[in-house]
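Subject: Structure handover

Hello,

Here is the structure I said I would pass on. My notes on what was found in it follow below.

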Amino acid sequence: MSRVVVVHGVGRQLDTAETLLAEVEPALRGGVGLALRRDSTLGRLADGDTVCAGYGDLYRRPGTRGEPYYRAEDVEPGFEAELLETWWREAARLDPRIPGPDTGPAASPGPAPRGAVGHLASRPLTVDRVRRALDALTRTRFFGAVSDRLLISDLKQVRRYFTEPELRSAVRARAAELITPQTRVVVGHSLGSVVAYEVLCALPPGQKPLTLVTLGSPLGLAKLVFDRLEPAPGQDGTGVWPAAVDRWTNLADSGDVVALVRDLAPRFGPEVVDLPVDNGSDMHSMRSYLTAVETGTAIATGLAR
């Protein structure tokens, strides 16, 4: 059985576990290979050691394969709008050329009227703000190759994971079924790091100790992600440590807007090893994270045990 389980993030609706593996395995093998050049005592990958948990099909509407043609008006108030603005604010912080939420004539629209009438009256301002956010983000290095339609689709996938219990359970089941007594390392990218974390927290007693590697993770983002985790953080504000995990390495590019809280140790405890990586212009790319020597070292260390 496979010793490394990889869980992907959003935007992979047309992929299967098999097509993902064709992309992931060479990149992962390359990162481990770089690590072995530095330390030949680390664990090595054999054929069949890697498997991917594909769940993109769970997001597709019955009878369709693509996403609807989303527009600014389709960004829902609440979770989606808040996450969009969070990404926008961070992108503007990282790139001074990008106009942020607090710039421009629509930055301070003033208090909106209360109640149903107030909601209808404020909706045009909300949509205008969404348009400004989309326009700003699609001009950044991070989101520059992503259309408004795909960016809105990503927002909706994240929101649906946290607000639709049946979908959340089905996604986690795809990853959980791949973890066996032979598994040594679980890798989660982006939303996949949330899936991996929740699955590992739910494993029954008796699982051999595992290494968790999180890449470009939003796990530390308060309110929208961290406070919605299952199991919920403790009353002291500390996230639950997965009982099956005895080593956790978290890697984040300094320009990765999704990994807005780049250090997870303050959230989950000092045992988390937070490492910076440089993914060049592909700050959030799973492939770029996997080919990093730091990622390879974390995985190979888990395999060596």
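Helices and strands here are DSSP runs, of at least four residues for a helix and at least two for a strand, numbered from the N terminus. Please keep in mind that this is a predicted model.

Overall picture

The chain contains nine helices and six strands. It has 305 residues, and 51% of them count as buried. Among contacts with a separation of 6 or more, 78% join residues 24 or more positions apart. The chain exposes about 14,100 Å², with 54% of that supplied by carbon and sulfur atoms.

Around strand S1 and helix H1

His8 sits in the loop that runs between strand S1 (4–7) and helix H1 (17–38). Buried means under 20% relative accessible area, and His8 has 4% relative accessibility, so His8 counts as buried. What does His8 contact, leaving aside its neighbours within four places in sequence? The residues are Leu20, Ala53, Gly54, Tyr55, Gly56, His189, Leu191, Gly192 and Met286.

Val24 belongs to helix H1. Its relative accessible area is 1%, and therefore Val24 is buried as well. Not counting residues up to four places away in sequence, Val24 touches Val6, Cys52, Met286 and Leu290. Met286 is 262 residues from Val24 along the chain, yet the C-alpha atoms of the two are separated by 8.1 Å. Met286 is also one of the residues in contact with His8.

Helix H6

Two of the contacts of His8, Leu191 and Gly192, are buried residues of helix H6. This helix covers residues 191–201 and is mostly covered, with ten of its eleven residues buried. Among the buried ones are also Ser193, Tyr197 and Glu198.

Nonpolar cores

In soluble globular proteins, nonpolar side chains tend to be buried together. In this model, the largest nonpolar core has 59 residues. Which residues have the most contacts inside it? They are Leu84, Trp248 and Phe268. Separate from this core is a second one of 29 residues, which includes Val187, Val277, Val293 and Ala300.

Trp248 is worth a look in the viewer. Not counting residues up to four places away in sequence, Trp248 touches Tyr197, Leu212, Thr214, Leu219, Trp241, Pro242, Leu264, Phe268, Glu271, Val272 and Val273. Tyr197 in that list is a buried residue of H6, and Phe268 is another of the residues with the most contacts inside the largest core.

Regards

How values were computed. Residues are numbered from 1 along each chain as its sequence is written. This is a predicted model: local features need pLDDT of at least 70, side-chain atom pairs count only at pLDDT 80 or more; totals for chains, interfaces and linings use all residues. Side-chain values use heavy atoms; hydrogens and water are left out. Buried means under 20% relative accessible area, exposed over 50%, partly exposed in between (1.4 Å probe, protein chains only). Contact means heavy atoms within 4.5 Å. A nonpolar core is a set of buried Ala, Val, Leu, Ile, Met, Phe, Trp, Tyr and Cys residues joined through side-chain atoms within 4.5 Å. Accessible areas come from the Shrake-Rupley method with a 1.4 Å probe; for residues, only the protein chains shown count as cover.
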